[in-house]
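Biologist: I would be grateful for a close look at a single part of this model, namely its strands. Please set out how they pair and what surrounds them.

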Amino acid sequence: MKRRQAILASSLGSVVIVALLTFFVIPWHLSYSAEDVSNVFRNALSSSGTATITVTGESSMRIEPDQITIDVSVQGAPTDVNNIVSNQNEYVKKVVNAINSAVGQDNASIKVSQTSINPLYSSGNPIGSTLFIASSSYPVKTDFIHFSDIASKLANVGFRMDSLTVTEVPVNASKADSVDISITTGSGSSATADCVVANNCFTPNPLNVSSGTTVTWTNKDGPAHTVTSGSPADSQTGTIFDSGLIKSGATFSYSLYNTGTYNYYCVVHPWMTGTITVTGDNLTPDKQETKSQVTMNLVIDTKPDTLQNTANAYQARLATLTKILDENGIPSSDTKQNQVNFNQVYTNPVQYSSFSANTDVIVKTDPRNLDKIVNATKDAKANISSISFSVSDSAIDSARKQLTQNALEDATKNAQNIIEQSGLQIKGIKKIEINPAISNQAGNAVPYNGVRIITSDPFYYVTGQTTVSVNVEFEVGK
């Protein structure tokens, strides 16, 4: 008989059924009926006196905020490393005493967080600097045949290329077949810029050209712009031409063959609009021989020096560039220098010998004490970083006791519902597990003081559903 009971106990292995009957977790679903459960227990108990069943119970309630949490930032005055710690401790003590005096020591919970100490740095602004640098963009146009040779010679003497574009242009095009449009300085500043009112953010605008003309846009503004066919109100733009971002000083070219009116605008600054009307014989690229034109946007810049030396160095660099271009068949009359910028050299941030300290003081108290604490911190020359409503520990403790009792009652009720049709009864409790690990689907279940709080703010525990769950292993028998 003992051997038979041992075999039965091994085959049962503790019948465990977990019923997750809670709003926050997956509902209890079984693939068999209550009658099946009853049969399981009847068969198991036909040769055994007792069995166990583990059931989950849960209880939840919403706890409303009953206190405020105030983050007070205590920023000490800069001083040397030998005195920063002692000075900061005295300052924090002064702030804490001021708060306690205002609301009473028993009416507020005050926690002093870790103090951070940081060295002071200069802002990086020019401090008596007399150094300047000069820079400008210089677009150079050539063809594929000469591009590689010219680019190599320019790189050997220190010129760098900011961007490169390739455009198909008519062969033997005259000056009349090429038109320049300038992107006006200040056009990207705002929708109320002067050029918006005058309708000349692209100059000239509107523009009339003949079929086959190549139009070149040059960005003379500081910010980057685009030249995109269409208008801001269109559902689809850029189908005819789209430059992408044109940096300051850079260019974009496009040849217009089909007659008609072409609207265009800047995607980055949609108040900048322009119009080009093409007239003539409605030429197409296949009716006119074309060649690939390469536009190199070169950068002329100098090393830091005095203002006069910087100006002289820039002129020398410009002379070197134009000489190389002339030697390669590109006269300076065919190029156009963009605006030259002279900028003062800024110093790098420098660490001073002074240090600053900051301490966060977390105060939890009744909302009615808010005005007193605000005035106290102001008088102590401290700053309030944030104020939030929160739930006190005492409120959570009170809720936990009631929630735990309700969860145990819920587990007992669930167990009775499962075994009632089998004619069994609960004989006792073998094990209770409070707040077992669960996969929560409704939000962040933050464990705190014996409960779980469903909240997106685990630092202050703002108002939210509070829940306690238990796993109870019951002994059941006839």
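Modeller: The account below begins with the basis of the model and then follows the strands and the residues around them.

This is a predicted model, in which local features need pLDDT of at least 70 and side-chain atom pairs count only at pLDDT 80 or more, while totals for chains, interfaces and linings use all residues. Residues are numbered from 1 along each chain as its sequence is written, and side-chain values use heavy atoms, with hydrogens and water left out.

Strands (E, at least two residues) and helices (H or I, at least four) are DSSP runs numbered from the N terminus. Two strands are taken to pair if DSSP finds at least two bridges between them. Strands of a sheet pair through backbone hydrogen bonds, in either the parallel or the antiparallel sense.

An open sheet of 4 strands has the order β7-β6-β9-β11, with mixed pairing. Its edges are β7 (202-203) and β11 (251-256); each has a single partner strand, so one side of each is left without a neighbour in the sheet. Within this sheet, β6 (residues 178-183) runs parallel to β9 (residues 213-219), and 6 bridges link the two. In this pairing, D180 stands opposite T216 of β9.

Strand β13 offers a second view of pairing. With β8 (residues 207-210), β13 pairs in the parallel sense over 4 bridges, and V209 has V278 of β13 as its bridge partner. With β12 (residues 260-265), β13 runs antiparallel, joined by 6 bridges; here N263 stands opposite T275.

Which residues of β13 lie on its covered face, and which on its uncovered one? The covered face of β13 (residues 273-279) holds G274, I276 and V278, whereas T273, T275, T277 and T279 make up the uncovered face. In a regular strand, side chains alternate between the two faces of the sheet.

The loop between β12 and β13 contains V267. This valine is partly exposed, at 45% relative accessible area, where partly exposed lies between buried (under 20%) and exposed (over 50%), using a 1.4 Å probe and protein chains only. Together with L245 and V268, V267 forms a nonpolar surface patch with about 270 Å² of accessible area. Such patches consist of residues with over 30% relative accessible area and no salt bridge, nonpolar side chains (Val, Leu, Ile, Met, Phe, Trp, Tyr) being joined within 5 Å and like charges within 9 Å. Accessible areas come from the Shrake-Rupley method with a 1.4 Å probe, and for residues only the protein chains shown count as cover.

A buried position is found at S59, with a relative accessible area of 11%. S59 belongs to strand β1 (residues 50-63). Beyond its neighbours within four places in sequence, S59 is in contact with L403, N406, A407, T466, T467 and V468, contact meaning heavy atoms within 4.5 Å.

Strands are also linked through side chains. D301 and R160 form a salt bridge, with the closest N and O atoms 3.4 Å apart. D301 lies in β14 (residues 290-301) and R160 in β5 (residues 160-170), so the pair ties together parts 141 residues apart in sequence. Both partners are partly exposed, D301 at 25% relative accessible area and R160 at 45%. A salt bridge requires a side-chain nitrogen of Lys or Arg within 4 Å of a carboxyl oxygen of Asp or Glu; the structure holds 5 of them.
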